[in-house]
Amino acid sequence: NTAEAKRELIVESVRRLPDGSIVELKPGAEIQVRYEAGQRRVELAKGGALFRVAKNPARPFRVRAGGVEVVAVGTAFTVQLATGAVEVVVTEGRVSVAHDQAAAIPASKLPPTFVDAGNLAVVDIAQNVDSQPMVRPISDREIERSLAWRESLLEFQGTGLADAVALMNRVNRVQISFEDESIGRLRVSGAFRADNPEGFVRIIESTF
């Protein structure tokens, strides 16, 4: 039934979601994706992730983490589920941050807080459910530090698979080879963990 919600557990480091949005997971992070006709939902079960959301005003993109909901239409932001708090860094566009009404017991009566690019929002999830997020500007250097985990990524844009594999092989003891050289002419786009050739192969196999 095409109307049924689509659920998918994602544990790979970088994935393109069904709507074209990109999610990059920090090592050890896990998300669960549920897409429905009128909205796109992602549950961050643990860790942190960077989301680059494909614009679609008719289907808001909702990320839930630790009882906090972050809503975007088309933007880029990170969500980090930490002990006692959820941290949101907006690198592009604008998002709203609020306690998840479905998870809040009792439900929060506070309106959502809007957070623009260049700002950090910290939501206390250990104490009072009615506490407003603390929002402050964040410097470019702080943003770089918050995304330092991405430095081990290799990014490709329409790159021949043979060239992409050559780069992966250059930095890993585990070497990738082709049984059929014609496979190397496939084109690949995305960001991949440079130190995870097995994950790279799994993504390529599932994509093609």
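Buried means under 20% relative accessible area, exposed means over 50%, and partly exposed lies in between, as computed with a 1.4 Å probe on protein chains only. The exercises below use these words for a predicted model, in which local features need pLDDT of at least 70, side-chain atom pairs count only at pLDDT 80 or more, and totals for chains, interfaces and linings use all residues. Residues are numbered from 1 along each chain as its sequence is written, and side-chain values use heavy atoms, with hydrogens and water left out.

**Exercise 1. Decide whether Ala 65 is buried or exposed, and place it in the structure.**

Step one is to locate the residue: Ala 65 lies in strand 6, residues 61-65, where strands (E, at least two residues) and helices (H or I, at least four residues) are DSSP runs numbered from the N terminus. Step two applies the opening cut-off: Ala 65 counts as buried because its relative accessible area is 1%. Step three looks for partners, a contact being heavy atoms within 4.5 Å: not counting residues up to four places away in sequence, Ala 65 touches Leu 44, Val 79, Leu 81 and Val 86. With Leu 44, the C-alpha atoms are 5.1 Å apart, although the two residues are 21 apart in sequence.

**Exercise 2. Describe the whole protein chain and say how confident the prediction is.**

Begin with the elements, which are three helices and 15 strands. Of the 208 residues in the protein chain, 42% are buried. Among the contacts with a separation of 6 or more, 46% are accounted for by residues 24 or more positions apart. For confidence, use pLDDT, the predictor's confidence in each residue from 0 to 100: the chain averages 84, and 88% of the residues score at least 70. Over residues 1-11, however, the pLDDT is below 50, and this stretch has 22 contacts in the model beyond near neighbours in sequence.

**Exercise 3. Work out what surrounds Gln 39 and Arg 40.**

Take Gln 39 to start with: this residue is found in the loop between strand 4 (30-35) and strand 5 (40-52), and it counts as buried because its relative accessibility is 18%. The side chain of Gln 39 makes a polar contact with the side chain of Arg 41 at 3.0 Å; such a contact is a pair of N or O atoms within 3.5 Å, where within protein one must be able to donate a hydrogen and the other to accept it, and residues adjacent in sequence count only if both atoms are side-chain atoms. Leaving aside neighbours within four places in sequence, Gln 39 is in contact with Arg 34, Arg 59, Pro 60 and Arg 62.

Turn now to Arg 40, which is found in strand 5 and is buried at 1% relative accessibility. The side chain of Arg 40 reaches the backbone oxygen of Arg 59 at 2.7 Å. Residues touched by Arg 40, not counting those up to four places away in sequence, include Asp 19, Tyr 35, Phe 61 and Val 73.

**Exercise 4. Find which residues lie nearest the centre of the largest pocket, and which elements line it.**

A pocket is found on a 1 Å grid over the protein atoms alone, as an open set of points where a 1.4 Å probe fits, with protein on both sides within 12 Å along at least five of seven lines; lining residues have an atom within 4 Å of a point. The largest pocket is lined by 19 residues, and nearest its centre lie Arg 16, Ile 22, Ser 189, Gly 190 and Phe 192. Two or more lining residues come from each of strand 2 (14-16), strand 14 (153-160), strand 15 (187-193) and helix 3 (197-207), with strand 15 giving the most, six residues.

As a last step, look at Val 14, which has its place in strand 2 and is buried at 7% relative accessibility. Val 14 and Phe 192 are 178 residues apart in sequence, yet 6.0 Å apart from C-alpha to C-alpha. Beyond neighbours within four places in sequence, the contacts of Val 14 include Ile 22, Leu 153, Phe 192 and Ile 203.
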